[in-house]
Amino acid sequence: MKSVNGQEIIQLFESWSPKHLACMENDPIGLAIGTLNKPVNKVLVTLDVNDAVADEAIAQGCELIIAHHPPIFRRLANIRTDNPAGQLYEKLIKHDIAVYAAHTNLDVAEGGVNDLLADALLLENRSILEETYAEDVLKLSVFVPTADADVLREALAKAGAGRLGSYEACSYTSSGEGRFRALEGANPHVGSIGELHVEEEVKVEVVLPASIKNRVLKALLNAHPYEEPAYDIIRLEQQTNRMGLGRVGYLPKEMLLQDFAEFVKKQLDVPTVRVVGDLQSTVRKIALVGGDGNKYIYTAKRAGADVFLTGDMYFHTAQDAQAIGLQIVDPGHHVEKVMIAGVAKKMATLCETKKYRVEFVQSTIHTEPFLFV
Ligand SMILES: [Zn+2]
């Protein structure tokens with residue numbers, strides 16, 4: 001095990017929940033307070049950052065907090081230490097505690113907030129409620145001497161090119177002849193200076209998501225025997241790595257809406273839920289959006305959900321849902337606390353594979369402001 005700094009931990013986090021997955025305009029994600037350029041032994045994972053959570057981080061000796069809700073959500077006009085927000089930032093800075101926020105990128109990420117909620121509700125056959133991200137697919141064609149093709153194909157595959165669904169190392173190879181005349185000053189792998197050389201070559205074609213283009217090109221240039229490898233890259237019509245907000249899935253078996261409401265209370269550990277719909281109807285197909293999903297009632301309806309589970313439902317949105325025949329279960333916003341254990345476990349596993357010596361502490365501070373009386 002080796003000691004690490006904050007930057008390495010966050011790099012690993014972003015390999016799972018990258019910033020480009022954020023789907024809210026100007027979502028203030030990333031490092032909010034402090035620095036990542038310091039050794040980190042303990043990380044506190046929390047839904048919210050408030051004064052009690054800051055005290056918890058201090059008591060636990062955590063140098064870094066990973067939070068779902070950004071502690072600085074709107075542009076700051078000042079940092080006054082005579083108000084609670086300013087006092088919180090002051091306390092965190094004085095104790096050298098950095099705060100990193102992963103908001104809508106963590107909602108979208110595979111295994112992120114929405115998947116964790118779907119896990120808690122045992123939803124099966126899951127799909128994305130609303131696609132918010134997809135990558136272009138590129139096709140790379142490279143010409144290489146036949147004898148060197150295996151090494152090149154392997155290098156491309158190792159860099160991640162040629163992955164299609166449950167297959168890896170996919171490529172297509174066709175053969176032909178390459179011609180070139182090396183000029184003075186060249187150091188040709190085959191042939192000699194000043195002579196036109198004909199080499200038996202193959203063309204290797206692979207597809208790759210646009211996001212890994214640089215990595216694949218680097219692998220190509222390293223593995224190719226020529227000084228000036230010939231290759232071309234074209235952008236295809238297809239897209240890949242589709243990801244998005246919310247999930248749609250099926251309960252293991254159908255139940256009455258009334259029983260589903262009770263099931264939600266138990267599984268998501270909340271004392272109460274608000275329901276729109278017919279408590280005696282049977283439900284099985286569930287759409288969900290963690291946090292505030294008011295915007296997605298029509299998407300949930302189009303997805304054919306029997307129930308849409310989301311928090312912070314407004315009175316008028318609930319009336320709209322009722323009017324379009326969409327049933328709602330609102331367990332509140334605080335159910336996003338599922339991310340505390342989920343992120344802590346995921347990060348502990350990722351750090352273990354890297355042999356990073358760092359501990360992830362799950363916040364035990366109850367940040368739900370509402371009491372249910
Ligand atoms: Zn939220």
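## Close-up views of a predicted model

Asp115 is buried, with a relative accessible area of 9%. Like every view described here, the surroundings of this residue come from a predicted model.

**Figure 1. The salt bridge between Arg126 and Asp115 links a strand to a helix.** The side chains of Arg126 and Asp115 meet at 3.2 Å, taken from N to O. Because Arg126 belongs to strand E7 (residues 124-145) and Asp115 to helix H5, this pair ties together parts of the chain that are 11 residues apart in sequence. The two partners are not alike in their surroundings, for Arg126 is partly exposed with a relative accessible area of 33%, whereas Asp115 is buried at 9%. Asn125 is likewise found in strand E7, and its phi is positive, at about 45°, although Asn125 is not a glycine. The relative accessible area of Asn125 is 65%, so this residue is exposed.

**Figure 2. Arg235 and Asp136 form a salt bridge between two strands.** The contact between the side chains of Arg235 and Asp136 spans 2.8 Å from N to O. Since Arg235 lies in strand E10 (residues 230-256) and Asp136 in strand E7, the pair ties together parts that are 99 residues apart in sequence. Arg235 counts as exposed, at 56% relative accessibility, while Asp136 is partly exposed, with a relative accessible area of 25%. Elsewhere, salt bridges that share partners join Asp115, Asp119, Arg126 and Arg247 into one network.

**Figure 3. Arg80 and Asp82 meet in a salt bridge.** The distance from N to O between these two side chains is 2.8 Å. Arg80 has a relative accessibility of 44% and therefore counts as partly exposed, and Asp82, with 53%, counts as exposed. A search of the whole structure finds 17 salt bridges, and the pair of Arg80 and Asp82 is described here as one such contact. In general terms, side chains of opposite charge can pair when their charged atoms come close.

**Figure 4. An open sheet is built from 5 strands.** The strands follow the order E2-E6-E5-E4-E15, and their pairing is mixed. Strand E2 (30-33) and strand E15 (359-362) stand at the edges and have a single partner strand each, so that one side of each is left without a neighbour in the sheet. On average, and with direction ignored, neighbouring strands of this sheet are turned by 30° against each other. Strand E4 (residues 42-46) and E15 run parallel and are joined by 4 bridges, and in E15 the bridge partner of Leu44 is Val361. As a general rule, the strands of a sheet pair through backbone hydrogen bonds, either parallel or antiparallel.

**Figure 5. Helix H11 lies across three strands of the model, namely E4, E5 and E15.** This helix, which covers residues 338-353, runs at about 175° to E15 and also lies across E4 and strand E5 (64-67). With 16 residues, H11 reaches 23 Å from its first C-alpha to its last, which is close to the 22 Å expected at 1.5 Å a residue. Its buried residues are Met339, Ile340, Gly342, Val343, Ala344, Met347 and Cys351. These buried residues of H11 pack against helix H1 (6-16), helix H4 (104-108) and helix H5 (113-120), as well as against E4, E5 and E15. H11 is followed by Lys355, whose phi is positive and near 60°.

**Figure 6. A zinc ion is coordinated by two histidines and a glutamate, His69, His333 and Glu336.** The donor atoms are NE2 of His69, NE2 of His333 and an OE atom of Glu336, at 1.9 to 2.1 Å. In sequence the donor residues are spaced H-x263-H-x2-E. Glu336 counts as buried, at 2% relative accessibility, whereas His333 counts as partly exposed, at 25%.

**Figure 7. Asp269 carries a positive phi in a loop.** Asp269 sits in the loop between helix H8 (257-267) and strand E11 (274-276). Its phi is near 55°, a positive value in a residue other than glycine. At 55% relative accessibility, Asp269 counts as exposed.

Notes. Residues are numbered from 1 along each chain as its sequence is written. This is a predicted model: local features need pLDDT of at least 70, side-chain atom pairs count only at pLDDT 80 or more; totals for chains, interfaces and linings use all residues. Side-chain values use heavy atoms; hydrogens and water are left out. Two strands pair if DSSP finds at least two bridges between them. Axes are lines fitted to C-alpha atoms, for helices over the stretch in contact, and angles run from 0 to 180 degrees between N-to-C directions. Contact means heavy atoms within 4.5 Å. The expected span of a helix is 1.5 Å times one less than its number of residues. Buried means under 20% relative accessible area, exposed over 50%, partly exposed in between (1.4 Å probe, protein chains only). A salt bridge is a side-chain nitrogen of Lys or Arg within 4 Å of a carboxyl oxygen of Asp or Glu. Donors are N, O and S atoms within 2.8 Å of the metal (3.2 Å for Na, K and Ca); water is not among the atoms, so sites may look incomplete.
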